[in-house]
Structures are given as C-alpha cells and as structure tokens.
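This report walks a new reader through selected features of one structure, with each term explained where it is used.

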Amino acid sequence: MIKIGIIGSGYVGLATALTFGELGHEIICGDIDLEKVEQINIGKSPVHEAGFDEKLSQLISEGRLKATANILALAQDSEFIFICVDTPMGEDGSMDSSALEKVAETIAPNLNGQLVIIKSTTILGTARKIADKYNMNLCHNPEFLREGMALHDSLNPDRIVIGCDKPENGQRLMSLYENFNCSKLITNLETSEMIKYASNIFLATKITYANEMANICEIFGVDVYEVMEGVKLDKRISPQFLEAGAGFGGSCFPKDLNAMASAVKNRGYEPNLINSVLKTNESQPLRVIELLESEIGYLEGKKIAVLGLAFKEDSDDIRNSRAIPIVETLIQKDANLILYDPKATENFKNAGFENLEYANSLESALTGSDGAIIQTKWQEIRELKPSQIINLMNNPVIIDGRRALNPEKMLADGVKYLGIGWKNL
Ligand code: UDX
C-alpha cells in the first residue's frame, strides 16, 4: 500500500483519488476549501458524479481515505503527490496557473524525494518551470476523463501519458499504473503538456465539424444524424464526438482552445482553425433561437421553457454551458422564461441567474409554455412522450439542440419538432 496525496478535490482530483483507492492505496485528499474537506470526510462528494459518494464512503470506512486542508502535512506524508488544481481561463483567454504555482510554492520546502505529478492542463513550459524553480522530482500526467463519466474514464483509460524531466521519474510514476491494461507513453514534459491540448483541440474541432455539417445539411433538407451514420462507417474516422447540436461547453474545451490560441498569438502565430472553432461554437447555440423564432415569431412575452442547464447530461456543471448564451439571448428578447435542470439549477442560479424562474420538474416547466428548447440531453428529457408535450404545453413546439427525441415520432403525433441539422418541416 502506497501513500498518495492528491491536491485539488474537483472532478479530476477526486476521480484520481478514488482510482488509486480502488487499486488498494492509502489516499489523502487536499483542498483549501474547508467545506469541501468536511464534505469528503463524511463521504459526500462536492461534485455530482456517478459512483463518487459510494466509493468515498467505502474508502473512508476502510480507513484508506481522508481529506485535509493542510497541504503541507499531506505533502510530507505522501510518497506521490498529485496536483489537480484548476488552471482556469484568465481575462484575456490565457491560462491562469496561479493556483498551481501557489501549491508548488507551498509544498516545495517540505519535499524530501517525493514525486510530484501535475495532472492539471498546463501550457507548454509550465511544468518544467516549476520543476526547475523548486528542484522537484516532477512528472506531467494529463487526465482525459469526461465529466459525468469521471470515475469510469479514470478506471478505464484509453492511454496513460507521462511527461517527465528525468527517465527514472517517469518509470517511478509508471509503476503506479502497472495494473492498467492500456497504451502507455513516456515522453518529455512539454510533449505531454501538448498531448493534452492537441487531444482537446481535435475533439472540439470534430464536434464543430459535425455542427457545421448540421447547418449545411439543414439547408439541403437532409438529416445530419443519418449522414453521420454513414460517415462513421469509415474506419479512419472514429464514431465518437460527431453528435451535432448547440455546441460544446464545459470546463475544458473552451478554456483549452482559448489558452492555446492566446499562447501562440503571443508568439506571433494566428491559429486560424482554433479561432474558427471557437467562433462557430459561439454562434451555434443561437441557432436554436433562430429556429424558435422561425416557428413562433416574436418571443417577447411568450413563455419559453429551457430544458437542461448543465453543459451536458449527468453533470451539475454549468461552466461554459450553451444554456448561458441561450438564456441571455432569450432575456434580451424579453421572453418569459422558465428554466429546468434536474441537477444544475443551484449552480446556474449562482452564475448570475438567481432572479429567473425555475421549475422543479420537467412537467411543470412545460406546463403552459409557448415553446421549449432542449439544451441538455438528460435521460428524463429523452423519455418525453408526444402526448405529455401536447397535453402540457400551450403550444407544442420543441426546438431540440441535442437531438434528444425522435423527429418522426414527434411529428407523427402532432408535436412541432424542429432542431439543428435536419429538415425542419
Ligand atoms: C472533455 C474531454 O472529453 C476530456 O477528455 C477532457 O479531459 C476534458 O474535456 P468534458 O468537458 O467533461 O471532457 O465532456 P465531453 O463529454 O467531452 O463533452 C464536452 C462538450 O461537448 C459538452 O458540452 C457536450 O455536450 C459536447 N459534445 C460532445 C457535443 O456537442 N457533441 C459530441 O459529439 C460530444
């Protein structure tokens, strides 16, 4: 049993903690937020993720996991120290590494041969700067998990990438992953940092390609979802991340594309592809408003339900959710809004939308509405029946930004069902 300290108790930190706990190690979770520390110590995850509460409780009851706000003691007591703090987007789009640097500065005086591993996404050169400044044994080990699937992805990775300053540090970290049966790669610090950005830029571009195809398919009256079924049959194109709709959000893609664009612009390069992906992703959510207006005309005073506020299903995270530009535009157009999300309501309110009206069920959001926009593909939204829509809504108009429902079924049963990427009848 190895003692592993994990600093930062968000999605990445907790998934890492639970993964190494599952492998039989002893875990100390660290966070500066005392409330989070207390929550973790009673087996309650501060973030909504499948399996987190159960696994936390199990490891706590086995005496193999505890949380602390004392980062210094955590570092002293651990053989491996993972840093999983946020590297958020600064005002100008660049990466803000201040939280990461603060942690490094805090733990540096108490290190005595421990291996420090940065899991945070960092612009090239950041990890080496920290290693050199504090003379640390350091690796970069990017995390590729998806929110909502954090524990699953962390336990079943496609690959493990380790960037290291010295080969022996890379091998030392790889030994922790010896039981993982997946592709493994050891490289230098900068290449590892870049692998994370290059992966996220590719995936965001892939979604944006699907969204552009959706807009084009709509012009020609063909269904992008059927088109993609054919595209996916090409073995050179993996079938995932081709679901067209209102665009991507979340804590990673928008931040990472902006950070890379900002970093290279400062070095004199104009990243046209990244710029274009970001631009398309800003206009894409507004397409649902266009479709709504094309169907019901002016929105002023009309009761519009927004179904789903989280940036994706099975998550309570609203960071960069496409619900934000959708709701802001509906407010500008003086629509009478009613918002619904099964998990993300509190987070949405706290993001500056506390004065809006929120429904406590899908049914009550739909009741008396003149139109509804589907923004997140929650299971309960996918299970909506045409009869419910017709009975509850004042005007049964659904604009689907995620293709959550079956167009043929909806249209056949009298719902006016429109969406991004197919022939809107
Ligand atoms: C992403 C990466 O997938 C993950 O590898 C990285 O570590 C962090 O960033 P995450 O942001 O949690 O993960 O969610 P993801 O499932 O990738 O979805 C991101 C956004 O893209 C969501 O808003 C989702 O709705 C959207 N999306 C995803 C699409 O619009 N279409 C798709 O086909 C897939």
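## Salt bridges

Asp256 and Lys255 are both buried, a word that here means under 20% relative accessible area, with exposed meaning over 50% and partly exposed in between (1.4 Å probe, protein chains only). Their side chains meet in a salt bridge, with N and O 3.1 Å apart, where a salt bridge is a side-chain nitrogen of Lys or Arg within 4 Å of a carboxyl oxygen of Asp or Glu. The model is a predicted one, in which local features need pLDDT of at least 70 and side-chain atom pairs count only at pLDDT 80 or more, while totals for chains, interfaces and linings use all residues. Residues are numbered from 1 along each chain as its sequence is written, and side-chain values use heavy atoms, with hydrogens and water left out.

By the salt-bridge rule the count comes to 22. One of these pairs is Arg287 with Glu218, whose side chains meet at 2.8 Å, N to O. Because Arg287 lies in helix H13 (residues 286–296) and Glu218 in helix H9, this pair ties together parts that are 69 residues apart in sequence; helices (H or I, at least four residues) and strands (E, at least two) are DSSP runs, numbered from the N terminus. Arg287 counts as buried at 12% relative accessibility, and Glu218 is buried as well, with a relative accessible area of 17%. In the salt bridge between Asp234 and Arg236, the closest N and O atoms are 2.7 Å apart; here Asp234 is partly exposed at 23% relative accessible area, whereas Arg236 is exposed at 75%. Salt bridges that share partners also join Asp86, Glu147, Asp317 and Arg319 into one network.

## A buried glutamate without a salt bridge

Glu49 is placed in the loop between helix H2 (34–41) and helix H3 (52–61). Although Glu49 is buried, it has no salt bridge, and the nearest side chain of opposite charge, that of Lys312, is 6.8 Å away; for this purpose Lys and Arg count as positive and Asp and Glu as negative, while His and the chain ends are not counted.

What does the side chain of Glu49 reach at 3.1 Å? It reaches the backbone nitrogen of Ala150, and a polar atom of the same Glu49 side chain lies 2.4 Å from the backbone nitrogen of Gly148. Such a polar contact is a pair of N or O atoms within 3.5 Å; within protein, one must be able to donate a hydrogen and the other to accept it, and residues adjacent in sequence count only if both atoms are side-chain atoms. Leaving aside residues up to four places away in sequence, Glu49 touches Tyr11, Glu147, Gly148, Met149 and Ala150, contact meaning heavy atoms within 4.5 Å.

## Around the ligand

There are 19 residues around the ligand, of which Phe144, Leu145, Glu147, Glu243 and Lys312 come nearest; a residue is near a molecule or strand if one of its heavy atoms lies within 4 Å of it. Helix H9 (residues 189–220) supplies the largest share of this shell, three residues.

Oxygen atoms of the ligand have polar partners in the protein: a polar side-chain atom of Lys196 lies 3.3 Å from one, a backbone N or O atom of Gly249 lies 3.0 Å from one, and a backbone N or O atom of Phe311 likewise lies 3.0 Å from one. The protein covers 91% of the 660 Å² of accessible area that the ligand has on its own, areas that come from the Shrake-Rupley method with a 1.4 Å probe, and for residues only the protein chains shown count as cover.

## A buried strand residue

Ile162 is found in strand E7 (residues 159–164) and counts as buried at 0% relative accessibility. Not counting residues up to four places away in sequence, the contacts of Ile162 include Cys139, His140, Leu173, Tyr177 and Ser192. Lys385 is 223 residues from Ile162 in sequence and 48 Å from it in space, C-alpha to C-alpha.

## Positive phi values in two loops

Asn135 has a phi near 50°, a positive value in a residue other than glycine. Asn135 lies in the loop between helix H6 (126–134) and strand E6 (137–140), where it is exposed, with a relative accessible area of 70%.

Phe241, again a residue other than glycine, has a positive phi near 65°. The loop that holds Phe241 runs between helix H10 (224–231) and helix H11 (253–265), and Phe241 counts as partly exposed at 25% relative accessibility.
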